[in-house]
Amino acid sequence: MTKKILMAATAAAAMAFAGAASAHTLAYRTAATTNINGSPVVTGSATSGTGGAFTAYKLANESTLTAPTFAVFELVATLSGAPVSTFPSGNNFIDINLTGGTFQNALPSSSVVAPGCTVVLSSGGGAGQTTASFLISSAGGGCSFVNLDLPIAPNPGSPVSVSTTLRTELNNPIDPDSTNATAPIPTAPNTEILQVVSRGSAFNSVVNGLTTRDTAGVAGALDDTFATLTVTPVYTTFKVGAPGHTGPETATVAQLGTVEVLVDETFYRDLAKNNVLAAHVTGTTVVTTGSFSAFNGAGGSVTLGGQAAVINAAASTATNTNTPGLVAVGAAGAVVSPAAFIVGRETAQTPIQDSTYAVTGSYTLNPAFYIASEAISGSFERIGRDGTNVVVPWLNSSNVEGATGTTNIIRLGNTGTAGTGPVYVTALNSVCPAGLTCATPPVGAVQIFDGIPAGGERVISTATLSAAGALGQFGRGDVLVTIEAPANTITARRYATLPNGSVTEVANGTVASDQTGDSINNGGADVP
């Protein structure tokens, strides 16, 4: 039943409560009960609390809140000078507002109690509503705090906050705080806010393909990994010694990264104080896409956390299912015991391919409590090849050449006594001039020649770049040319023929290489 009591009061009487200070507080009550309160955390206990009067209840984002869908939150609004300060004599109001949730059921007057005063529901407070006002009638007795037992149903995926506003029946503020206007969440001077439910991801996957020279660090890949030219046959082993493998990686073994699924068991899976558990991860699948042609033969290996991967027939994917040790207890951002992804060359001296390694997959969660699954994604370290990289700016495809009349030629020379490895081109960027139709160039390197003969040359023309098996009609852009050979045996010059017939040599490289005078770099991954 809603009851309204209106009594005359002057502003002076409304503000003249004993011991007046500033800023009432809104907090959890801290006595341990089966409801949600600020008592100490006791894992697995029905009377466990949030751990503090101002500490929110940590509810996992992944929770589906199938049952229960609400809980009673035990709060208290206390005047700043309590117990000396009391509500003004007469009729006063406490206005309650929810953000991110609704009242599960209609609020009885007993859900708001101010010992020493009479409290009745004035307005609102219905099931599904977000606001309620309670009249607090005081004859000057001595109520200095208000206990709130609020049945709150959080909105899906949302944190929940409660605010309380104290006022007289003439809307004069009670216990105002002049600093509220500059608070992180600005409010009226007589309004206080408490976040009662926080949300966060209790399950987090981490794919780490970063490198470091410190094997005790948190990086997933231990050192730069690239196949070296200094062996016969070339590219059959990894470079050992800085900037290559310095241990525990070897000439035939590389750690390309790590994967871990972290479970923060300090989160709750529901509103009944049941914690999230690592055991709620019911399955994992990790698929790594890249070249495994040198690792899947006799004597070779591809493992994640020590578990052998299943390699497809094309040697382009490695799949690990339910890898032991992949799931660990820890907060987001922690490094607990990640599973290492390691490749080992097969016994035969098979050339190791230049390749990137993309990681996809998922982990499944117990459907009784959570959404069905979440994705795993990221990248491991690239395996590069020792060689020479040349950045050639402002090239174009044949459709642009036809429109502008400008042609480009790149001459690559080999001064060595042995032929080089393959020659690749990569479109670093591309723009399609107005009025033309262009195609998106391939992602990554495309082979255009098997190599450069000993003492010979290769010429890259606009037609070479525009071929269907190369970059296609990519428009205009900057192109990376990669030759699998040491830089001291390679020459590279680019010439442009302008519409007026003049021939101009155009400098290679980026702005940085213009400044340093070094436009040619060794290493498949720019290894010096």
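Here is a short round of questions and answers about a predicted model of one chain.

User: Before we start, which pLDDT do local features need here?
Analyst: Residues are numbered from 1 along each chain as its sequence is written, and side-chain values use heavy atoms, with hydrogens and water left out. This is a predicted model in which totals for chains, interfaces and linings use all residues, side-chain atom pairs count only at pLDDT 80 or more, and local features need pLDDT of at least 70.

User: Okay, how many helices and strands does the chain have?
Analyst: Both kinds of element are DSSP runs numbered from the N terminus: helices are H or I with at least four residues, and strands are E with at least two. Counted that way, the chain comes to 4 helices and 32 strands.

User: And what share of the residues is buried?
Analyst: Buried means under 20% relative accessible area, exposed means over 50%, and partly exposed is in between (1.4 Å probe, protein chains only). The chain has 528 residues, and the share that counts as buried is 48%.

User: What share of the accessible surface belongs to carbon and sulfur atoms?
Analyst: Accessible areas come from the Shrake-Rupley method with a 1.4 Å probe, and for residues only the protein chains shown count as cover. The whole chain has about 22,400 Å² of accessible surface, and the carbon and sulfur share is 57%.

User: Let's look at the open sheet of 6 strands. Which strands stand at its edges?
Analyst: Two strands pair if DSSP finds at least two bridges between them. The strand order here is 13-23-22-15-19-18, with mixed pairing. Two of these strands have a single partner strand each, so one side of each is left without a neighbour in the sheet: strand 13 (226–227) and strand 18 (310–311).

User: How many bridges join strand 15 to strand 19?
Analyst: Strand 19 covers residues 317–321 and pairs with strand 18 in the antiparallel sense over 2 bridges. Strand 15 (residues 281–289) also runs antiparallel to strand 19, and the number of bridges joining them is 5.

User: Which residue of strand 19 is the bridge partner of V287?
Analyst: On the strand 18 side, I311 stands opposite A318, and V310 stands opposite T319. V287 has its bridge partner in strand 19 too, and that partner is T319.

User: Which residue in the hairpin of strand 18 and strand 19 takes a positive phi?
Analyst: Most residues other than glycine have a negative phi. The hairpin has 5 residues between the strands, and the residue with a positive phi near 55 degrees is A315.

User: L65 and N322 have a positive phi as well. Is L65 buried or exposed?
Analyst: N322, with a phi of about 50 degrees, lies in the loop between strand 19 and strand 20 (327–329), and at 45% relative accessibility it counts as partly exposed. L65 has a phi of about 45 degrees and is found in the loop between strand 2 and strand 3. Its relative accessibility is 13%, so L65 counts as buried.

User: Which residue does a cis peptide bond join to P68?
Analyst: P68 sits in the loop between strand 2 (57–60) and strand 3 (71–78). There is also a cis bond between A242 and P243, with omega about 10 degrees, and P243 is in the loop between strand 13 and strand 14 (253–263). For P68, omega is about -10 degrees and the residue joined to it is A67.

User: Now the open sheet of 4 strands: by how many degrees are neighbouring strands turned on average?
Analyst: This sheet has the order 28-25-30-31 with antiparallel pairing. Its edge strands, each pairing on one side only, are strand 28 (457–461) and strand 31 (503–506). With direction ignored, neighbouring strands are turned against each other on average by 25 degrees.

User: In strand 31, what is the bridge partner of A496?
Analyst: Strand 30 (residues 490–497) pairs with strand 31 in the antiparallel sense over 4 bridges. The partner of A496 in strand 31 is T504.

User: Last one: how far apart are the C-alpha atoms of S430 and V479?
Analyst: S430 is found in the loop between strand 26 (423–427) and strand 27 (446–449), and with a relative accessible area of 34% it is partly exposed. Along the chain, S430 and V479 are 49 residues apart, while their C-alpha atoms are separated by 9.0 Å.

Notes:
Axes are lines fitted to C-alpha atoms, for helices over the stretch in contact, and angles run from 0 to 180 degrees between N-to-C directions.
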